[in-house]
Amino acid sequence: MSIPLSHLKGKSLGVFGLARSGLATVKAAVSGGARVYAWDNREDARAKAAGEGVTLQEPGEWPWEELAALALAPGVPLTHPEPHPIVGMAQGAGVEILCDAELLFRELEGKARFVAITGTNGKSTTTALIGHLLGEAGIAVEVGGNIGRSALDLAAPSASEPVSGSFPEQIYVLELSSYQLDLCHRLRPNVAVWLNLTPDHLDRHGDMAGYRLAKERIFAKMGGDDLAVLGIDETDMEEVAGALSERAQAPRLARVTVRERDAADIRVDEAGQMTDARNGEGLDLSAFPSLRGRHNWQNAACAYAAVRELGVPVSQITAGMASFPGLEHRMQIVGRHGKVLFVDDSKATNADAAAPALATFQPVYWIVGGRPKAGGIHGLSGFFPRVAKAYLIGEAADEFSATLAARVPHVIAGELARAVRMAAEDAALDPEDEPVVLLSPAAASFDQFPDFEARGRAFVAAVNALDDASAQQAALSETAS
């Protein structure tokens with residue numbers, strides 16, 4: 001399934017990079033009547049594309065003078081550490097360079113509404129939550145971009161009657177990375193959310209100024225009919241909000257804080273109580289199990305602002321947040337065994353990524369380890385008092401043991417399934433009401449698993465095995481009695 005790019009009918013398009021988004025772009029362009037010249041430097045990617053019927057031709061043989069645009073995969077360097085050679089070829093021929101999200105917008109401009117989400121952290125959760133809230137409210141919505149399905153692999157707007165008189169068009173909710181935003185030129189979201197800004201991807205943007213500039217493109221074409229939602233808890237983000245408010249033909253602003261910033265429109269206090277100063281509405285964000293922790297309260301408050309702008313009433317937002325399952329492997333509650341809660345945070349592949357979960361739960365029976373990254377877990381020392389015991393797995397076990405020595409009780413468990421059993425037994429004896437067995441590895445998965453998803457699935461399987469063992473024990477006891 002793809003959205004035919006009818007605005008390219010009779011034109012030629014270059015596509016470089018044939019992974020998920022590139023293949024979808026080729027199919028969408030061809031189905032829209034365009035001639036496509038496609039290539040990827042990786043032999044395996046070319047083989048897969050050829051297997052799906054893509055015609056391949058090296059860029060040096062493309063008729064550059066005929067191309068309407070070059071669709072560039074976001075992973076291909078545009079500027080830093082140095083431009084990919086194909087970027088120079090396109091620029092030399094005067095060919096516009098863009099991405100799949102930009103092509104989607106150009107195809108459906110005026111035919112659908114767009115919500116765009118970016119940020120250093122939390123954008124996937126916020127994107128999924130916004131899509132969930134809109135869907136639960138009965139609104140036709142498609143969710144993709146940098147999460148899940150690529151932009152041009154989403155469903156086309158339905159030709160049927162709208163599901164609600166308040167929503168005459170389908171809504172596309174797109175997570176956009178800084179790489180994608182660098183390739184967006186005309187994109188004008190009806191609602192844009194920028195959550196936060198901390199150092200990341202500096203190798204691709206040169207420095208923080210370049211990274212911030214790429215993110216700012218999300219607001220570039222917005223005007224007074226549009227809403228910009230900004231988390232303002234970093235100084236840089238306060239500056240972005242201030243500059244945006246002074247811009248000619250600026251969008252309306254909804255400033256969000258979970259840190260008591262003075263200029264905020266929407267505030268979340270330390271207990272998770274959200275208040276919207278614009279209309280007096282409020283939500284108790286602490287009531288939603290899949291949105292625990294201050295970082296998730298920021299995600300939820302920004303999602304609230306976005307869907308409220310689109311007409312979803314607070315009652316439906318509340319119901320939607322209560323039913324939101326969370327994202328797989330990102331602080332996902334996967335089970336309960338007696339009073340013990342089991343949380344899969346396998347996506348936390350470094351110390352910074354593990355910090356939110358450690359800040360959210362207490363007491364924690366922490367399953368940690370894998371293939372260590374630079375810095376190990378030293379940066380998490382401020383959370384060590386929240387850890388009742390740690391269970392070390394994988395290649396990092398000895399290194400992490402040295403870091404935890406005399407600070408956190410711990411044991412080298414080696415394998416994940418063994419760690420789950422040990423942690424579950426210890427947590428069951430904890431006097432607190434809700435001890436948590438947390439897989440938040442702060443390390444890569446590649447020593448024992450092909451990826452973090454496989455590691456998360458193994459954790460869930462080990463948790464389910466606890467239930468199976470308990471059921472078998474109960475059956476044996478009943479038989480013996």
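**Salt bridges, a helix face and cavities**

Me: R149 forms a salt bridge with which residue?
Reply: In this predicted model, a side-chain nitrogen of R149 comes to 3.4 Å from an oxygen of its partner. A salt bridge is counted here when such atoms lie within 4 Å, so this pair qualifies. The partner of R149 is E142.

Me: Of R149 and E142, which one counts as buried?
Reply: The cut-off for buried is under 20% relative accessible area. R149 has 31% relative accessibility and counts as partly exposed. Its partner has 13% and falls under the cut-off, so the buried one is E142.

Me: How many salt bridges are there by this rule?
Reply: Side chains of opposite charge can pair when their charged atoms come close. The R149 and E142 pair is one example, and R212, E216, D236 and E239 are linked in a network of such bridges. By this rule, the number of salt bridges comes to 20.

Me: How many residues apart in sequence are the parts that R106 and E96 tie together?
Reply: The side chains of R106 and E96 meet in a salt bridge, with N to O at 2.7 Å. R106 sits in helix 4 (residues 100-108), while E96 sits in the loop between helix 3 and strand 4 (97-98). The pair therefore ties together parts whose separation, in residues, is 10.

Me: Is R106 buried or exposed?
Reply: Its partner E96, at 29% relative accessibility, counts as partly exposed. R106 has 15%, and the limit for being buried is under 20%. So R106 counts as buried.

Me: Which residue meets R371 in a salt bridge?
Reply: The N to O distance for this pair is 3.1 Å. The pair links distant parts of the chain, 24 residues apart: R371 is in the loop between strand 16 and strand 17, and its partner is in the loop between strand 17 and helix 13. R371 is partly exposed at 34% relative accessible area, and the partner is partly exposed at 48%. The residue that meets R371 is E395.

Me: Within what arc do the buried residues of helix 13 fall?
Reply: Helix 13 (residues 397-404) has A397, F400, S401, T403 and L404 as its buried residues. Seen down the helix axis, they line one face of the helix, because they fall within an arc of 160 degrees.

Me: Which residues are exposed on the other side of helix 13?
Reply: The buried residues of helix 13 pack against strand 16 (364-369), strand 17 (387-393) and strand 18 (410-414). On the other side of the helix, the exposed residues are D398 and A402.

Me: Just after helix 13, which residue takes a positive phi?
Reply: Two positive-phi residues elsewhere are M331, at about 50 degrees, and A442, near 55 degrees. The one just after helix 13 has a phi of about 65 degrees. That residue is A406.

Me: What is the relative accessible area of M331?
Reply: M331 has a positive phi although it is not a glycine. It lies in the loop between helix 11 (314-323) and strand 14 (332-337). M331 is buried, with a relative accessible area of 9%.

Me: And what is the relative accessibility of A442?
Reply: A442 is in the loop between strand 19 (436-439) and helix 15 (452-480). Its phi is positive, which makes it another such residue other than glycine. A442 counts as buried, its relative accessibility being 2%.

Me: The peptide bond from Q362 to which residue is cis?
Reply: The omega of this bond is near 0 degrees. The bond from H80 to P81 is cis too, with omega near -5 degrees, and P81 lies in the loop between strand 3 (67-72) and helix 3 (85-93). For Q362, the residue on the other end of the cis bond is P363.

Me: Which helix gives the most to the lining of the largest cavity?
Reply: The largest cavity has a volume of about 70 Å³. Strand 1 (12-16), helix 1 (20-31) and strand 3 each supply at least two lining residues. The helix that gives the most, with 3 residues, is helix 1.

Me: How many charged residues are in the lining of the second largest cavity?
Reply: About 40 Å³ of space lies in this cavity. Its lining includes T125, R330 and M331. The residues divide into 3 nonpolar and 4 polar, and the number that are charged is 1.

Technical notes. Residues numbered from 1 in each chain as written. Predicted model: local features only at pLDDT ≥ 70, side-chain atom pairs only at ≥ 80, totals over all residues. Heavy atoms only, no water. Buried < 20%, exposed > 50% of the residue type's maximum accessible area, 1.4 Å probe, protein only. Helix = DSSP H or I, 4+ residues; strand = E, 2+ residues; numbered from the N terminus. Arc of directions from axis to C-beta. Contact = heavy atoms within 4.5 Å. 1 Å grid on protein atoms, 1.4 Å probe; cavity = no way out; pocket = protein on both sides within 12 Å on 5 of 7 lines; lining within 4 Å. Points joined across faces, edges and corners; volume = space filled by probe spheres on them. Nonpolar A, V, L, I, M, F, W, Y, C, P; charged D, E, K, R; others polar.
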